[in-house]
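Me: I have a model to go through at the bench. Take me through one strand and the sheet around it.

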Amino acid sequence: MTQFNPGREVVVAGVGLHPFGRFPEKDLATLAMEAVLPALQDAGVGWKDIPVAYFGHVYYHGMSVGETALANLGLTGIPIINVENACSSGSTAFWQAYWGIATGIYDMALAFGAEKVPRGPVTVTPEESPERYIGGDHMMAGYALRMRRYMEETGAPATAFAQAAVKARQNASLNPYAHRKQEYSLEEVLQSRLIADPLTLYQCCPTSEGAAAAVLCAADSLDRYGINKERTVRIAAAVLTSGSYNGKGSDHSAFSPYRTEPGAVKAYEMSGLGPEDVDLVQVHDAATIGELQQLEALGLVPPGEAWKATAEGRTALTGDIPTNTDGGLLAMGHPFGATGIRMIHETVTQLRHEAGPRQVKNAKVGLAQCSGAGDVTTVHILTK
Amino acid sequence: MAVSVDTRRLKLTNEEGTEGVLLGFCCQECGIHVFGPATFCQGCSSSNLAQVELGKQGILYSFTIVRIPPQGWPGDVPYVLGQIELPEGPQVLAEVVDCPHENLKIGMAVELTLRLVEAAEGGSERVVYKWRPV
């Protein structure tokens, strides 16, 4: 069952990206602006044309940062919404922009996200939570728990996971926007510092800063805004789900199993496409185990077999399931609010065949999956 | 008088805080159990819940050895974080103690144990639920 019936076709008309890394001299609003401007330019529209904007970010940098950032472009009085859904804040902003147009409320929308993630282990619960004493709220430890269980159930060797990190760095070395471009060998990945056994440093995404933006438009309004149809990319599916009961009544305060399957099913149904149609995929690889499990949850490989596909090179740019083609969270870095829209930026760039050395051959269908704590999942499918 | 880290999850049954039980709820409509606080059933949303005391024996579903602790962690580093499956079904995240790392094994039997934990800084001490090999 689809979530709603989209009344109207919606496209991505423009995308923009601020490099990911550390930019102490720039505040959050500045980072955001420096992604929005290129997106408007890419779409060929003016700021005054935008009727609504959604801004994804997580960490507090003052109230109404979306409004502060966009005030620099001119106070047009449009509705501006700040969106928080943990690591999928940006993709949630994109999802909202899509549905605002698909349901006929707006003809065009801006979705953008930015973040300055502080250094150190990421936690979900607030500072005063009893979790501080209990020790279960630790993002990478949560991934490590899943990794160890996966290794037990499938027999996957550590090298398969390390290969995902090696691939991420290989892709990022071809991407000037990436936070971590340096390539590493399998051994270097496995011998990097242990964060939470068996996850080593290079198997975990860095904490980062950055921003991304997208301009969405109704297909029926492109002419009115003078948008070049040739460079637009169709949004075939836009799905957002939160946690559904998984049979375990889990200690949900911090640990999200990140269940993507329900969202994936809806996305395939909405688009009329199947996993076999997907030419490239961006998934939530906050840690290497994340990439493997999302590939399985999306039905791109059978359950328990993502490690083999990775070890065999099938997820490389030249493989049959190119995954995280720009380096993913692992090597692009992960500024929470920006990540979901960064995935859209990469997917659009690939489908336009403008990815240069990272170009996947014959890319026509791209899938972007982004997760957030609280068991949020977004799945977007783009086609050209 | 010892204080539980979270009275919604751990009920102390003596003054010293050396004995206690984990709390949860059992849905009277669909029968599932959840660990910790609940007003409505996680599975079927019914409000017909009965508070229950959960079992003290569990199975180690997974574990990790945390080398870089989260901010505010008051204990030793590294520490073992376990994902423990209770007989009633729910899973609990908690530290696993009294187990050399080489003995940790998925599927091993563990039992509830309580420890008094001093806060990292500026907080009070709390009794925290942990698990140890049977």
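Me: How many residues of strand β1 of chain A are buried?
Reply: This is a predicted model, where local features need pLDDT of at least 70, side-chain atom pairs count only at pLDDT 80 or more, and totals for chains, interfaces and linings use all residues. Residues are numbered from 1 along each chain as written, with chains lettered from A and ligands numbered from 1 in written order. Strands (E, at least two residues) and helices (H or I, at least four) are DSSP runs numbered from the N terminus; buried means 20 or more other C-beta atoms within 10 Å of a residue's own, exposed 12 or fewer, partly exposed in between, with C-beta atoms placed from the backbone. β1(A) spans residues 10-21 and is mostly covered, with the buried count at 10 of 12.

Me: Which residue of β7(A) is the bridge partner of A:G21?
Reply: Strands pair if DSSP finds at least two bridges between them. β1(A) and β7(A) (residues 209-218) run antiparallel, joined by 9 bridges. The partner of A:G21 there is A:E209.

Me: And in β8(A), what is the bridge partner of A:V12?
Reply: β8(A) covers residues 233-241 and pairs with β1(A) over 2 bridges, in the antiparallel sense. A:V12 is matched by A:V233.

Me: Which strands are the edges of the sheet?
Reply: The sheet is open and mixed, with 9 strands of chain A in the order β3-β2-β4-β7-β1-β8-β11-β10-β9. An edge strand here pairs on one side only; those of chain A are β3 (80-83) and β9 (280-282).
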